[in-house]
Amino acid sequence: MKKLMMAVTGGAVLGLMVTSQVAGPLLAQDQRSASVYEQLDLFGDIFERIRAGYVEEVDDKALIEAAINGMLTSLDPHSSYLSAEATAAMRVQTSGEFGGLGIEVTQEDGWVKVVSPMDGTPADDAGIMSGDFITAVDGESVMGLTLDDAVNLMRGPVGSEIVITVVREGEVEPFDVSIIRDTIRLTAVRTRTEGNAVVLRISTFNEQTFPNLRDGMAEQIAEAGGIDNIDGIVLDMRNNPGGLLNQAIMVSDAFLEGGEITSTRGRDPANGERFNATPGDLAEGKPIVVLINGGSASASEIVAGALQDHRRAIVIGTNSFGKGSVQTVVPLRGEGAMRLTTSRYYTPSGRSIQALGISPDIIVEQPRRASVTEDDDETSPLVRSEADLRGALNSGLSEDETRQIEEDRARAEAAAQLREDDYQLAYAIDILKGLNALGPTRMSGN
(Lines give C-alpha, C1' and ligand atoms only; values in the text may rest on other atoms or scores of the structure.)
Protein backbone atom coordinates (compact mmCIF):
# COMPACT_ATOMS: atom_id res chain seq x y z
CA MET A 1 0.00 0.00 0.00
CA LYS A 2 2.89 2.32 0.86
CA LYS A 3 4.56 1.59 -2.48
CA LEU A 4 1.27 2.27 -4.24
CA MET A 5 0.84 5.58 -2.41
CA MET A 6 4.40 6.57 -3.31
CA ALA A 7 3.78 5.73 -6.92
CA VAL A 8 0.56 7.72 -6.99
CA THR A 9 2.22 10.65 -5.26
CA GLY A 10 5.19 10.47 -7.62
CA GLY A 11 2.88 10.37 -10.60
CA ALA A 12 0.98 13.39 -9.31
CA VAL A 13 4.23 15.33 -8.86
CA LEU A 14 5.39 14.30 -12.34
CA GLY A 15 2.05 15.35 -13.75
CA LEU A 16 2.33 18.67 -11.95
CA MET A 17 5.83 19.16 -13.34
CA VAL A 18 4.73 18.33 -16.90
CA THR A 19 1.72 20.60 -16.56
CA SER A 20 3.94 23.43 -15.28
CA GLN A 21 6.48 22.97 -18.08
CA VAL A 22 3.79 23.10 -20.77
CA ALA A 23 1.49 25.68 -19.24
CA GLY A 24 4.27 28.01 -18.03
CA PRO A 25 5.45 29.24 -21.45
CA LEU A 26 1.87 29.42 -22.72
CA LEU A 27 0.86 31.50 -19.71
CA ALA A 28 3.84 33.83 -20.20
CA GLN A 29 3.01 34.19 -23.88
CA ASP A 30 -0.60 35.05 -23.05
CA GLN A 31 0.58 37.63 -20.51
CA ARG A 32 2.90 39.24 -23.09
CA SER A 33 0.09 39.36 -25.64
CA ALA A 34 -2.26 40.89 -23.08
CA SER A 35 0.39 43.49 -22.23
CA VAL A 36 0.83 44.41 -25.92
CA TYR A 37 -2.94 44.82 -26.37
CA GLU A 38 -3.09 46.96 -23.26
CA GLN A 39 -0.39 49.22 -24.65
CA LEU A 40 -2.20 49.45 -27.99
CA ASP A 41 -5.38 50.39 -26.11
CA LEU A 42 -3.34 53.05 -24.32
CA PHE A 43 -2.12 54.38 -27.67
CA GLY A 44 -5.71 54.54 -28.89
CA ASP A 45 -6.81 56.44 -25.77
CA ILE A 46 -4.00 59.00 -26.17
CA PHE A 47 -4.72 59.39 -29.90
CA GLU A 48 -8.39 60.13 -29.22
CA ARG A 49 -7.59 62.56 -26.40
CA ILE A 50 -5.20 64.48 -28.68
CA ARG A 51 -7.82 64.66 -31.43
CA ALA A 52 -10.47 65.89 -29.01
CA GLY A 53 -8.55 68.12 -26.65
CA TYR A 54 -5.38 69.51 -28.26
CA VAL A 55 -5.28 73.30 -28.44
CA GLU A 56 -5.32 73.22 -32.26
CA GLU A 57 -6.92 70.86 -34.75
CA VAL A 58 -4.56 68.06 -35.71
CA ASP A 59 -4.11 66.07 -38.90
CA ASP A 60 -4.88 62.41 -38.16
CA LYS A 61 -2.51 61.09 -40.85
CA ALA A 62 0.37 63.28 -39.70
CA LEU A 63 -0.23 62.25 -36.11
CA ILE A 64 -0.10 58.53 -36.90
CA GLU A 65 2.97 58.94 -39.15
CA ALA A 66 4.72 60.81 -36.32
CA ALA A 67 3.90 57.97 -33.92
CA ILE A 68 5.24 55.37 -36.36
CA ASN A 69 8.39 57.39 -36.96
CA GLY A 70 8.89 57.86 -33.23
CA MET A 71 8.71 54.09 -32.73
CA LEU A 72 11.35 53.51 -35.41
CA THR A 73 13.73 56.32 -34.49
CA SER A 74 13.75 55.15 -30.88
CA LEU A 75 15.58 52.03 -32.08
CA ASP A 76 18.67 53.67 -33.62
CA PRO A 77 19.59 56.79 -35.64
CA HIS A 78 19.20 55.02 -39.00
CA SER A 79 15.75 53.43 -38.71
CA SER A 80 12.87 55.68 -39.76
CA TYR A 81 9.54 55.97 -41.51
CA LEU A 82 9.55 57.33 -45.06
CA SER A 83 6.47 59.06 -46.36
CA ALA A 84 5.53 58.65 -50.01
CA GLU A 85 7.39 61.88 -50.81
CA ALA A 86 10.50 60.84 -48.86
CA THR A 87 10.47 57.42 -50.52
CA ALA A 88 10.38 59.02 -53.97
CA ALA A 89 13.21 61.38 -52.99
CA MET A 90 15.32 58.46 -51.77
CA ARG A 91 14.91 56.68 -55.11
CA VAL A 92 16.03 59.81 -56.92
CA GLN A 93 19.03 60.21 -54.62
CA THR A 94 20.30 56.67 -55.16
CA SER A 95 19.99 57.21 -58.91
CA GLY A 96 22.52 60.05 -58.61
CA GLU A 97 20.57 63.33 -58.85
CA PHE A 98 18.58 65.17 -56.19
CA GLY A 99 17.94 68.59 -54.71
CA GLY A 100 19.49 69.93 -51.53
CA LEU A 101 22.71 71.08 -49.87
CA GLY A 102 24.85 68.04 -50.55
CA ILE A 103 25.65 66.75 -47.07
CA GLU A 104 25.31 63.33 -45.47
CA VAL A 105 24.18 63.66 -41.85
CA THR A 106 23.50 61.53 -38.80
CA GLN A 107 22.22 62.29 -35.31
CA GLU A 108 24.28 62.40 -32.14
CA ASP A 109 23.05 63.48 -28.70
CA GLY A 110 20.03 65.14 -30.31
CA TRP A 111 22.08 67.28 -32.70
CA VAL A 112 22.58 66.83 -36.42
CA LYS A 113 26.16 65.79 -37.17
CA VAL A 114 27.75 66.07 -40.60
CA VAL A 115 29.20 62.76 -41.76
CA SER A 116 30.62 64.40 -44.86
CA PRO A 117 29.94 67.05 -47.47
CA MET A 118 29.68 65.71 -51.01
CA ASP A 119 32.19 66.85 -53.61
CA GLY A 120 31.27 69.93 -55.62
CA THR A 121 27.98 70.61 -53.78
CA PRO A 122 26.80 73.87 -52.14
CA ALA A 123 27.73 72.54 -48.68
CA ASP A 124 31.22 71.61 -49.90
CA ASP A 125 31.69 75.03 -51.53
CA ALA A 126 30.51 76.74 -48.32
CA GLY A 127 33.23 75.00 -46.29
CA ILE A 128 31.06 72.58 -44.29
CA MET A 129 33.35 69.93 -42.80
CA SER A 130 33.03 66.35 -41.60
CA GLY A 131 32.35 66.38 -37.85
CA ASP A 132 30.50 69.71 -37.84
CA PHE A 133 27.32 69.88 -35.75
CA ILE A 134 24.28 71.69 -37.17
CA THR A 135 22.35 73.14 -34.24
CA ALA A 136 19.84 75.37 -36.01
CA VAL A 137 18.32 75.95 -39.45
CA ASP A 138 17.21 79.48 -40.29
CA GLY A 139 17.27 80.23 -36.57
CA GLU A 140 15.12 77.22 -35.61
CA SER A 141 16.82 74.75 -33.25
CA VAL A 142 17.05 71.14 -34.42
CA MET A 143 17.29 69.79 -30.87
CA GLY A 144 14.39 67.42 -30.26
CA LEU A 145 13.65 66.89 -33.95
CA THR A 146 13.98 63.52 -35.62
CA LEU A 147 16.74 63.25 -38.20
CA ASP A 148 14.22 63.19 -41.05
CA ASP A 149 12.48 66.30 -39.69
CA ALA A 150 15.81 68.12 -39.45
CA VAL A 151 16.66 67.10 -43.01
CA ASN A 152 13.25 68.34 -44.18
CA LEU A 153 14.08 71.73 -42.66
CA MET A 154 17.17 71.89 -44.85
CA ARG A 155 15.27 71.02 -48.02
CA GLY A 156 13.71 73.70 -50.17
CA PRO A 157 13.40 75.15 -53.67
CA VAL A 158 16.52 75.22 -55.80
CA GLY A 159 18.06 78.70 -55.65
CA SER A 160 16.66 79.56 -52.22
CA GLU A 161 18.91 80.58 -49.33
CA ILE A 162 19.32 78.70 -46.07
CA VAL A 163 21.30 79.74 -43.00
CA ILE A 164 22.60 76.91 -40.81
CA THR A 165 24.23 77.38 -37.41
CA VAL A 166 27.39 75.29 -37.04
CA VAL A 167 29.36 74.17 -34.01
CA ARG A 168 32.88 73.07 -34.96
CA GLU A 169 35.68 71.60 -32.89
CA GLY A 170 38.36 74.21 -32.37
CA GLU A 171 35.93 77.11 -32.78
CA VAL A 172 34.98 78.93 -29.57
CA GLU A 173 31.54 80.11 -30.71
CA PRO A 174 28.86 78.72 -33.04
CA PHE A 175 28.75 80.48 -36.40
CA ASP A 176 26.24 80.86 -39.22
CA VAL A 177 26.80 79.66 -42.77
CA SER A 178 24.63 80.86 -45.64
CA ILE A 179 24.10 78.33 -48.45
CA ILE A 180 22.12 78.52 -51.67
CA ARG A 181 20.21 75.30 -52.33
CA ASP A 182 20.90 73.61 -55.64
CA THR A 183 20.17 70.48 -57.61
CA ILE A 184 22.78 67.92 -56.61
CA ARG A 185 24.13 65.99 -59.55
CA LEU A 186 26.69 63.54 -58.29
CA THR A 187 29.49 62.16 -60.39
CA ALA A 188 30.09 59.07 -58.32
CA VAL A 189 33.70 58.57 -59.46
CA ARG A 190 36.15 61.13 -60.82
CA THR A 191 39.37 59.83 -62.34
CA ARG A 192 42.69 61.47 -63.08
CA THR A 193 46.38 60.66 -63.21
CA GLU A 194 48.86 62.19 -60.77
CA GLY A 195 52.43 61.42 -61.76
CA ASN A 196 52.24 57.73 -62.65
CA ALA A 197 49.37 56.95 -60.28
CA VAL A 198 45.73 56.62 -61.35
CA VAL A 199 43.55 58.37 -58.76
CA LEU A 200 39.94 57.19 -58.45
CA ARG A 201 38.00 59.67 -56.34
CA ILE A 202 34.85 57.81 -55.17
CA SER A 203 32.48 60.36 -53.61
CA THR A 204 29.40 58.15 -53.13
CA PHE A 205 28.00 54.69 -53.84
CA ASN A 206 25.00 55.02 -56.12
CA GLU A 207 23.92 53.22 -59.28
CA GLN A 208 26.65 55.01 -61.27
CA THR A 209 29.60 54.11 -59.04
CA PHE A 210 30.95 50.90 -60.52
CA PRO A 211 30.34 51.87 -64.18
CA ASN A 212 32.05 55.24 -63.54
CA LEU A 213 35.01 53.52 -61.89
CA ARG A 214 35.43 50.85 -64.56
CA ASP A 215 35.18 53.24 -67.50
CA GLY A 216 37.24 56.02 -65.93
CA MET A 217 40.02 53.67 -64.91
CA ALA A 218 40.18 52.12 -68.39
CA GLU A 219 40.41 55.59 -69.91
CA GLN A 220 43.29 56.67 -67.64
CA ILE A 221 45.23 53.45 -68.25
CA ALA A 222 44.78 53.82 -72.02
CA GLU A 223 46.06 57.41 -71.89
CA ALA A 224 49.11 56.18 -69.95
CA GLY A 225 49.86 53.68 -72.70
CA GLY A 226 48.94 50.55 -70.76
CA ILE A 227 48.85 49.11 -67.25
CA ASP A 228 52.65 48.66 -67.19
CA ASN A 229 53.13 52.43 -67.39
CA ILE A 230 51.39 53.21 -64.09
CA ASP A 231 52.68 52.75 -60.54
CA GLY A 232 49.32 51.73 -59.13
CA ILE A 233 45.85 52.89 -58.06
CA VAL A 234 44.72 55.31 -55.36
CA LEU A 235 41.14 54.74 -54.20
CA ASP A 236 40.25 58.05 -52.55
CA MET A 237 37.15 57.49 -50.39
CA ARG A 238 37.64 60.36 -47.96
CA ASN A 239 34.34 61.98 -46.95
CA ASN A 240 32.43 59.24 -48.78
CA PRO A 241 29.22 58.72 -46.76
CA GLY A 242 28.43 55.34 -48.36
CA GLY A 243 25.30 54.30 -50.22
CA LEU A 244 24.28 51.10 -51.99
CA LEU A 245 25.66 47.85 -50.61
CA ASN A 246 25.71 46.11 -54.01
CA GLN A 247 27.94 48.88 -55.42
CA ALA A 248 30.41 48.48 -52.55
CA ILE A 249 30.56 44.76 -53.30
CA MET A 250 31.12 45.39 -57.02
CA VAL A 251 33.92 47.90 -56.37
CA SER A 252 35.64 45.50 -53.94
CA ASP A 253 35.22 42.63 -56.40
CA ALA A 254 36.86 44.73 -59.12
CA PHE A 255 40.23 44.38 -57.35
CA LEU A 256 39.97 40.93 -55.72
CA GLU A 257 40.45 37.53 -57.33
CA GLY A 258 38.39 35.66 -54.75
CA GLY A 259 37.45 35.29 -51.11
CA GLU A 260 34.89 36.98 -48.92
CA ILE A 261 34.14 40.67 -49.38
CA THR A 262 31.77 41.16 -46.47
CA SER A 263 29.16 39.32 -44.45
CA THR A 264 25.98 40.47 -42.75
CA ARG A 265 24.55 39.07 -39.53
CA GLY A 266 21.12 39.80 -38.13
CA ARG A 267 19.24 38.67 -35.05
CA ASP A 268 18.58 35.28 -36.62
CA PRO A 269 21.88 33.64 -37.66
CA ALA A 270 20.03 31.79 -40.43
CA ASN A 271 19.37 35.10 -42.18
CA GLY A 272 23.04 36.06 -42.45
CA GLU A 273 24.57 36.58 -45.88
CA ARG A 274 28.08 36.29 -47.26
CA PHE A 275 29.31 38.04 -50.39
CA ASN A 276 32.30 36.65 -52.25
CA ALA A 277 34.58 38.03 -54.95
CA THR A 278 34.82 36.55 -58.42
CA PRO A 279 38.01 36.10 -60.50
CA GLY A 280 39.30 39.18 -62.29
CA ASP A 281 41.31 42.22 -61.15
CA LEU A 282 40.93 45.49 -63.05
CA ALA A 283 44.32 46.63 -61.73
CA GLU A 284 46.01 43.35 -62.79
CA GLY A 285 47.79 43.07 -59.44
CA LYS A 286 49.18 46.60 -59.41
CA PRO A 287 49.54 48.10 -55.89
CA ILE A 288 46.54 49.91 -54.42
CA VAL A 289 46.41 52.56 -51.71
CA VAL A 290 43.05 53.38 -50.10
CA LEU A 291 42.50 56.83 -48.58
CA ILE A 292 39.93 57.19 -45.76
CA ASN A 293 39.08 59.67 -43.00
CA GLY A 294 36.41 60.36 -40.39
CA GLY A 295 33.89 61.12 -43.13
CA SER A 296 34.27 57.67 -44.75
CA ALA A 297 31.26 55.60 -43.75
CA SER A 298 29.18 52.53 -44.53
CA ALA A 299 29.85 51.28 -48.09
CA SER A 300 33.26 52.96 -48.23
CA GLU A 301 34.21 51.14 -45.02
CA ILE A 302 33.17 47.82 -46.60
CA VAL A 303 35.54 48.41 -49.52
CA ALA A 304 38.41 49.59 -47.32
CA GLY A 305 37.96 46.66 -44.91
CA ALA A 306 37.79 44.05 -47.67
CA LEU A 307 40.91 45.25 -49.47
CA GLN A 308 42.75 45.65 -46.17
CA ASP A 309 41.89 42.18 -44.85
CA HIS A 310 42.95 40.54 -48.13
CA ARG A 311 46.18 42.56 -48.02
CA ARG A 312 45.28 43.84 -51.46
CA ALA A 313 45.68 47.48 -50.48
CA ILE A 314 47.42 49.69 -47.95
CA VAL A 315 44.89 51.86 -46.11
CA ILE A 316 46.12 55.28 -45.03
CA GLY A 317 44.52 58.39 -43.54
CA THR A 318 42.54 58.57 -40.30
CA ASN A 319 40.00 56.30 -38.61
CA SER A 320 36.70 55.99 -40.52
CA PHE A 321 33.24 56.91 -39.22
CA GLY A 322 32.11 53.48 -38.00
CA LYS A 323 28.66 52.91 -39.51
CA GLY A 324 28.50 49.14 -39.68
CA SER A 325 24.77 48.52 -39.87
CA VAL A 326 22.56 47.56 -42.80
CA GLN A 327 19.18 49.22 -43.40
CA THR A 328 16.48 47.37 -45.31
CA VAL A 329 13.87 49.52 -47.05
CA VAL A 330 10.50 47.81 -46.68
CA PRO A 331 7.68 49.14 -48.93
CA LEU A 332 4.45 49.92 -47.08
CA ARG A 333 0.89 50.62 -48.14
CA GLY A 334 0.27 54.11 -49.45
CA GLU A 335 3.62 54.24 -51.32
CA GLY A 336 5.54 54.93 -48.13
CA ALA A 337 8.34 52.78 -46.77
CA MET A 338 10.10 51.76 -43.58
CA ARG A 339 13.87 51.98 -43.26
CA LEU A 340 14.77 49.36 -40.65
CA THR A 341 18.17 48.30 -39.36
CA THR A 342 18.20 44.55 -39.92
CA SER A 343 21.82 43.47 -39.60
CA ARG A 344 25.44 44.43 -39.03
CA TYR A 345 28.15 43.89 -41.59
CA TYR A 346 31.62 42.50 -40.98
CA THR A 347 34.93 42.51 -42.80
CA PRO A 348 36.34 39.22 -44.17
CA SER A 349 38.35 38.67 -40.98
CA GLY A 350 35.19 39.02 -38.89
CA ARG A 351 35.75 42.56 -37.66
CA SER A 352 32.64 44.55 -36.82
CA ILE A 353 32.76 48.10 -38.17
CA GLN A 354 29.84 49.38 -36.08
CA ALA A 355 31.00 52.27 -33.86
CA LEU A 356 34.63 51.16 -34.38
CA GLY A 357 35.35 52.02 -37.99
CA ILE A 358 38.33 50.99 -40.09
CA SER A 359 41.76 51.73 -38.63
CA PRO A 360 44.32 52.73 -41.28
CA ASP A 361 47.51 50.74 -41.73
CA ILE A 362 49.32 54.08 -41.68
CA ILE A 363 47.80 57.06 -39.88
CA VAL A 364 48.29 60.24 -41.89
CA GLU A 365 46.62 63.42 -40.70
CA GLN A 366 45.73 66.14 -43.18
CA PRO A 367 47.57 69.21 -41.85
CA ARG A 368 45.72 72.48 -41.73
CA ARG A 369 47.11 74.85 -44.29
CA ALA A 370 49.14 77.58 -42.60
CA SER A 371 48.56 81.12 -43.78
CA VAL A 372 51.53 82.65 -45.57
CA THR A 373 52.22 86.36 -45.06
CA GLU A 374 54.25 88.73 -47.16
CA ASP A 375 56.88 88.82 -44.43
CA ASP A 376 57.22 85.03 -44.68
CA ASP A 377 57.95 85.33 -48.41
CA GLU A 378 60.54 88.06 -47.89
CA THR A 379 62.45 86.17 -45.22
CA SER A 380 62.42 82.79 -46.98
CA PRO A 381 66.00 81.67 -47.69
CA LEU A 382 67.01 81.41 -51.34
CA VAL A 383 67.30 77.86 -52.64
CA ARG A 384 70.46 77.50 -54.73
CA SER A 385 71.84 74.61 -56.73
CA GLU A 386 74.98 73.76 -58.71
CA ALA A 387 73.42 75.29 -61.81
CA ASP A 388 73.30 78.68 -60.07
CA LEU A 389 77.06 78.82 -59.47
CA ARG A 390 79.18 80.98 -61.73
CA GLY A 391 81.04 78.85 -64.27
CA ALA A 392 79.17 75.66 -63.45
CA LEU A 393 79.53 72.76 -65.88
CA ASN A 394 76.00 72.92 -67.20
CA SER A 395 76.60 73.30 -70.92
CA GLY A 396 76.94 70.77 -73.66
CA LEU A 397 73.61 69.01 -73.03
CA SER A 398 71.66 67.75 -76.00
CA GLU A 399 68.09 68.89 -76.67
CA ASP A 400 66.74 65.52 -75.51
CA GLU A 401 68.75 65.67 -72.27
CA THR A 402 67.62 69.23 -71.62
CA ARG A 403 63.98 68.28 -72.26
CA GLN A 404 64.30 65.29 -69.94
CA ILE A 405 65.71 67.48 -67.17
CA GLU A 406 62.92 69.99 -67.63
CA GLU A 407 60.26 67.25 -67.51
CA ASP A 408 61.78 65.75 -64.36
CA ARG A 409 61.86 69.19 -62.76
CA ALA A 410 58.23 69.82 -63.74
CA ARG A 411 57.18 66.49 -62.19
CA ALA A 412 59.07 67.31 -58.98
CA GLU A 413 57.44 70.73 -58.79
CA ALA A 414 53.99 69.21 -59.38
CA ALA A 415 54.61 66.66 -56.61
CA ALA A 416 55.72 69.44 -54.25
CA GLN A 417 52.60 71.44 -55.08
CA LEU A 418 50.40 68.39 -54.44
CA ARG A 419 51.93 68.07 -50.97
CA GLU A 420 50.82 71.63 -50.31
CA ASP A 421 47.33 71.06 -51.74
CA ASP A 422 46.59 67.54 -50.48
CA TYR A 423 49.21 66.00 -48.20
CA GLN A 424 47.36 62.70 -47.72
CA LEU A 425 47.02 62.10 -51.46
CA ALA A 426 50.66 63.00 -52.04
CA TYR A 427 51.61 60.50 -49.31
CA ALA A 428 49.55 57.78 -51.02
CA ILE A 429 51.22 58.43 -54.36
CA ASP A 430 54.67 58.30 -52.73
CA ILE A 431 53.79 54.87 -51.30
CA LEU A 432 52.77 53.60 -54.75
CA LYS A 433 55.98 54.95 -56.24
CA GLY A 434 58.01 53.14 -53.58
CA LEU A 435 56.14 49.84 -54.04
CA ASN A 436 56.57 50.04 -57.80
CA ALA A 437 60.30 50.66 -57.41
CA LEU A 438 60.69 47.33 -55.59
CA GLY A 439 60.27 45.46 -58.85
CA PRO A 440 57.77 43.10 -60.44
CA THR A 441 56.54 41.60 -57.15
CA ARG A 442 52.89 42.57 -56.89
CA MET A 443 50.39 42.52 -54.09
CA SER A 444 47.72 39.86 -54.28
CA GLY A 445 44.66 38.79 -52.36
CA ASN A 446 44.66 35.70 -50.19
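## A first look

In this report, helices (H or I, at least four residues) and strands (E, at least two) are DSSP runs, numbered from the N terminus. The structure is a predicted model, and helix α8 is a good place to start: α8 is followed by Arg311, whose phi is positive, near 55°.

Now for the whole chain. There are 11 helices and 19 strands, and buried residues account for 36% of the 446 residues. The chain exposes about 25600 Å², with carbon and sulfur atoms supplying 53% of that area. If you take the contacts between residues at least 6 apart in sequence, 68% of them join residues at least 24 apart.

## Helix α8, a mostly covered helix

Helix α8 runs over residues 299-309, and 10 of its 11 residues are buried. Those buried residues are Ala299, Ser300, Glu301, Ile302, Val303, Ala304, Gly305, Ala306, Leu307 and Gln308. What do they pack against? Their partners are the strands β12 (232-236), β13 (260-265), β15 (288-292), β16 (314-317) and β18 (337-346), together with helix α7 (245-253).

Just beyond this covered helix, Arg311 sits in the loop between α8 and β16. Is Arg311 buried or exposed? Its relative accessible area is 61%, so Arg311 is exposed.

## Two nonpolar cores

In soluble globular proteins, nonpolar side chains tend to be buried together. Here, the largest nonpolar core has 40 residues, and Leu200, Ile233, Leu235, Phe255 and Val290 have the most contacts inside it. Two or more residues of this core come from each of β11 (197-202), α6 (209-223), β12, α7, β15 and α8. Helix α8 gives the largest share, six residues. Apart from this core lies another one, of 18 residues, which includes Leu101, Ile103, Val112 and Val137.

Phe255 is worth a visit of its own. Leaving aside residues up to four places away in sequence, Phe255 touches Leu200, Leu213, Met217, Leu235, Asp281, Leu282, Ala283, Ile288, Leu307 and Arg312. One of these, Leu307, is also among the buried residues of α8.

## One side of α5

Helix α5 covers residues 147-154, and Leu147, Asp148, Ala150 and Met154 are buried in it. Why do these four count as lying on the same side of α5? They cover an arc of only 160° around the axis, and therefore share one side of the helix.

## Salt bridges

Side chains of opposite charge can pair when their charged atoms come close. A search of the whole structure finds 14 salt bridges. Asp119 and Arg201 form one of them, at 2.6 Å from N to O. Because Asp119 lies in the loop between β4 (111-117) and α4 (122-125) and Arg201 lies in strand β11, the pair ties together parts that are 82 residues apart in sequence.

Arg201 also meets Asp236 in a salt bridge, at 3.5 Å from N to O. This pair links Asp236 in strand β12 with Arg201 in strand β11, 35 residues away along the chain. Both Asp236 and Arg201 are buried; for Arg201 the relative accessible area is 11%. Which residues make up the network of salt bridges around this pair? Asp119, Arg201, Asp236, Arg238 and Asp422 are linked in it.

Another salt bridge joins Arg51 and Asp60, at 3.1 Å from N to O. Arg51 is partly exposed, with a relative accessible area of 41%, and Asp60 is partly exposed too, at 29%.

## On the surface

Leu42, Ile46, Ile50, Tyr54 and Val55 make a nonpolar surface patch of about 490 Å². Ile46 belongs to helix α1, which spans residues 2-53. Partly exposed means between 20% and 50% relative accessible area, so Ile46, at 45%, counts as partly exposed.

Glu335 is found in the loop between β17 (325-331) and β18. Its phi is near 70°, a positive value in a residue other than glycine. Arg311 also has a positive phi without being a glycine. With a relative accessible area of 64%, Glu335 is exposed.

Note on methods: Residues numbered from 1 in each chain as written. Predicted model: local features only at pLDDT ≥ 70, side-chain atom pairs only at ≥ 80, totals over all residues. Heavy atoms only, no water. Buried < 20%, exposed > 50% of the residue type's maximum accessible area, 1.4 Å probe, protein only. Contact = heavy atoms within 4.5 Å. Core = buried A, V, L, I, M, F, W, Y, C linked by side-chain atoms within 4.5 Å. Patch = residues over 30% accessible without salt bridge, like charges linked within 9 Å, V, L, I, M, F, W, Y side chains within 5 Å. Areas by Shrake-Rupley, 256 points an atom, 1.4 Å probe, with all protein chains shown as cover. Salt bridge = Lys/Arg side-chain N within 4 Å of Asp/Glu carboxyl O. Arc of directions from axis to C-beta.
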